[in-house]
Amino acid sequence: MTLRLFNTLSGQLDELVPSDGHALRMYACGPTVYDYGHIGNFRTFLEIDVLRRFLKLIGMRLQHVMNITDVDDKIIRNAAQAGVSIGDYTRPYVEAFFEDLEALRIERPEQIARATEHIPRMVELIQKLVAAGAAYRTDDGSWYFRLASFPAYGKLSKKDLSGMEDGARVDVDEYEKDSARDFALWKAAKPGETSWETPIGRGRPGWHIECSAMSMEFLGDSFDLHAGGEDLMFPHHENEIAQSESVTHQTFARHWMHVRFLLVDGRKMSKSEGNFFTLRDLLLKGYKASAIRLALISVPYRHQLNFTFDGLVDATAAIGRLRTFHARLRAGKFPPGETPEMQAAAEKALNDYMAALSNDLNTAEARAPIFDLVRAANTAMDQDRFLAGDRDAVAKVLADFDAVFSVIEDRDTEPTRRAIAWAQQAGRAADIAPELLAKSSITDEEINALLAERDTAKKRRDFQRADQIRKQLTDIGILIEDSKDGVRWKRK
Ligand code: AMP
Ligand code: ZN
């Protein structure tokens with residue numbers, strides 16, 4: 001099986017295979033660590049995780065590099081305002097980013113590259129650009145890329161750049177200009193700014209050169225796939241191509257994947273609109289990390305995802321159905337044998353699931369057959385038409401589903417506990433939903449101890465105490481289920 005993935009560069013679905021026949025070499029633009037990650041950022045990182053996990057599921061090896069932009073205009077500005085070094089300024093955000101990835105079960109790339117640790121590589125690349133006649137120095141000691149030296153500029157974003165003005169410059173990292181400009185490769189040090197003493201002068205790298213230098217350092221001059229959010233297509237990725245190909249004269253990345261931007265309640269997410277959410281905001285409101293993951297990946301990466309709280313509630317319910325079924329599948333006592341119906345249903349679900357993902361990672365179409373199978377298997381169990389041999393077939397489908405979706409196994413307690421602890425020490429305790437605080441303040445051991453006490457109370461027919469304990473737990477969102485195999489509980 002292979003993956004057919006839309007390629008922004010070719011404008012069509014292309015088969016994604018390692019060109020060296022060994023491992024897929026891919027680079028994904030990572031975060032700029034000037035603040036906590038918001039759900040738009042994580043939408044992109046989650047979709048890249050879906051890609052990673054699916055490729056691994058079909059047996060591909062990966063060499064995936066992600067950068068951390070720990071120096072740029074915003075970081076320098078914010079660090080200066082806070083009166084700290086950029087290292088001290090970015091440290092908590094870098095840590096938070098990795099914690100958030102873990103909360104969302106986003107796998108770590110094989111290689112993480114921090115911009116500030118690769119400055120010499122960037123300087124080398126700029127020197128090569130100068131030698132190739134593609135870069136020039138300005139009076140203040142900065143270096144710029146000469147767009148006119150690269151006629152293929154615009155081939156990724158398909159922008160018509162015919163009105164391009166030779167020599168017009170832009171010195172900020174991020175810009176949205178219709179007509180392109182010569183952009184900064186290296187910015188001369190300004191008083192008080194973080195800078196590095198290098199053979200091309202004292203200064204700091206522009207944002208675009210980072211990704212060219214670090215991707216080629218780890219993956220070679222020409223590699224398989226480059227990914228990021230759609231906002232990066234122009235100018236960031238276009239600039240990366242220009243900087244790299246001007247030196248190597250080879251195709252920089254063969255395949256480009258861009259994740260469509262997320263909207264919140266139908267609008268662009270923005271702090272001033274009040275519809276801006278970090279992962280931590282949502283955890284503190286009491287939503288589970290798994291529900292956030294499922295809500296953010298259930299719309300295929302090229303479709304516009306409109307994030308809503310109703311969507312999170314639906315995702316929570318969907319995960320509940322999967323987990324309840326999974327527990328029933330594992331614990332159920334089924335007669336020996338297998339049924340042709342369940343075997344066929346499991347096989348069909350798996351085929352449909354794999355086919356949907358292999359077709360441009362269509363996560364929406366991929367999850368549908370899984371939920372159909374869960375429904376069919378639940379009905380079969382209710383009617384005693386489910387046999388022990390069916391369990392393995394269905395379990396295999398769930399395992400392959402979870403290899404990519406990663407929501408069935410319940411690992412939601414820890415991210416929520418950590419978010420609460422973080423809010424308490426970051427002065428954001430007021431943002432913790434009260435029910436969440438009550439539910440999370442009780443440990444698993446304390447719950448088990450209370451349930452044991454309830455059991456003893458029942459045995460000595462002290463139903464008043466038993467009911468009191470049940471009420472105490474349900475009031476803080478602990479659901480108790482008495483079954484013939486004993487008592488089970490879960491956090492709502
Ligand atoms: P940044 O930290 O701003 O450099 O962004 C990190 C990643 O998140 C980049 O790949 C961006 O394209 C992506 N991103 C930022 N905002 C959104 C959004 N609203 N929807 C989807 N992806 C986004
Ligand atoms: Zn980048």
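So, C211 and H236: buried or exposed? Both of them are buried. Keep in mind that we're looking at a predicted model here.

Why start with those two? Because they hold the zinc ion, ligand 2, and C211 sits in helix α5, residues 207–219, while H236 sits in helix α6, residues 233–248. The two residues are 25 apart in sequence, so the pair ties those parts together.

Now, which atoms does the protein give to the zinc ion? We have SG of C29, SG of C211 and NE2 of H236, and they lie 2.0 to 2.2 Å from the ion. If you like to read it as a pattern along the chain, the spacing of the donors is C-x181-C-x24-H.

Okay, over to ligand 1. There are 14 residues around it, and the ones that come nearest are T32, G40, T44, D231 and L262. What's the mix by class in that shell? Eight residues are polar, five are nonpolar and one is charged.

Where do they come from? Helix-wise, have a look at α1, residues 39–57: with four residues, α1 gives the largest share of the shell. Strand β12, residues 223–229, also supplies at least two.

Let's go through some polar contacts. T32 uses its backbone: a polar atom there is 2.9 Å from an oxygen atom of ligand 1. With N41 we're on the side chain, where an N or O atom is 3.1 Å from an oxygen of the ligand. And T44, which was in that nearest group, has a side-chain N or O atom 2.7 Å from a nitrogen of ligand 1. As for how much of the ligand gets covered, on its own ligand 1 has 490 Å² of accessible area, and the protein covers 90% of that.

One more stop, and L262 takes us there. Besides being one of the residues nearest to ligand 1, L262 stands opposite L305 of strand β16. L262 belongs to β14, residues 262–264, and this strand runs parallel to β16, with three bridges joining them.

So what's the strand order in that sheet? Reading across, you get β15-β14-β16, an open sheet of three strands with mixed pairing. The edges are β15, at 267–268, and β16, at 305–307, each of which pairs on one side only.

To wrap up, then: a zinc ion held by C29, C211 and H236, a ligand 1 that the protein covers to 90%, and L262, which comes up both around that ligand and opposite L305 in the sheet. Happy to rotate the model if anyone wants another look.

Notes: Residues are numbered from 1 along each chain as its sequence is written. Chains are lettered from A and ligands numbered from 1 in the order in which they are written. This is a predicted model: local features need pLDDT of at least 70, side-chain atom pairs count only at pLDDT 80 or more; totals for chains, interfaces and linings use all residues. Side-chain values use heavy atoms; hydrogens and water are left out. A residue is near a molecule or strand if one of its heavy atoms lies within 4 Å of it. A polar contact is a pair of N or O atoms within 3.5 Å; within protein, one must be able to donate a hydrogen and the other to accept it, and residues adjacent in sequence count only if both atoms are side-chain atoms. Accessible areas come from the Shrake-Rupley method with a 1.4 Å probe; for residues, only the protein chains shown count as cover. Ala, Val, Leu, Ile, Met, Phe, Trp, Tyr, Cys and Pro count as nonpolar, Asp, Glu, Lys and Arg as charged, and the others, Gly among them, as polar. Donors are N, O and S atoms within 2.8 Å of the metal (3.2 Å for Na, K and Ca); water is not among the atoms, so sites may look incomplete. Buried means under 20% relative accessible area, exposed over 50%, partly exposed in between (1.4 Å probe, protein chains only). Two strands pair if DSSP finds at least two bridges between them.
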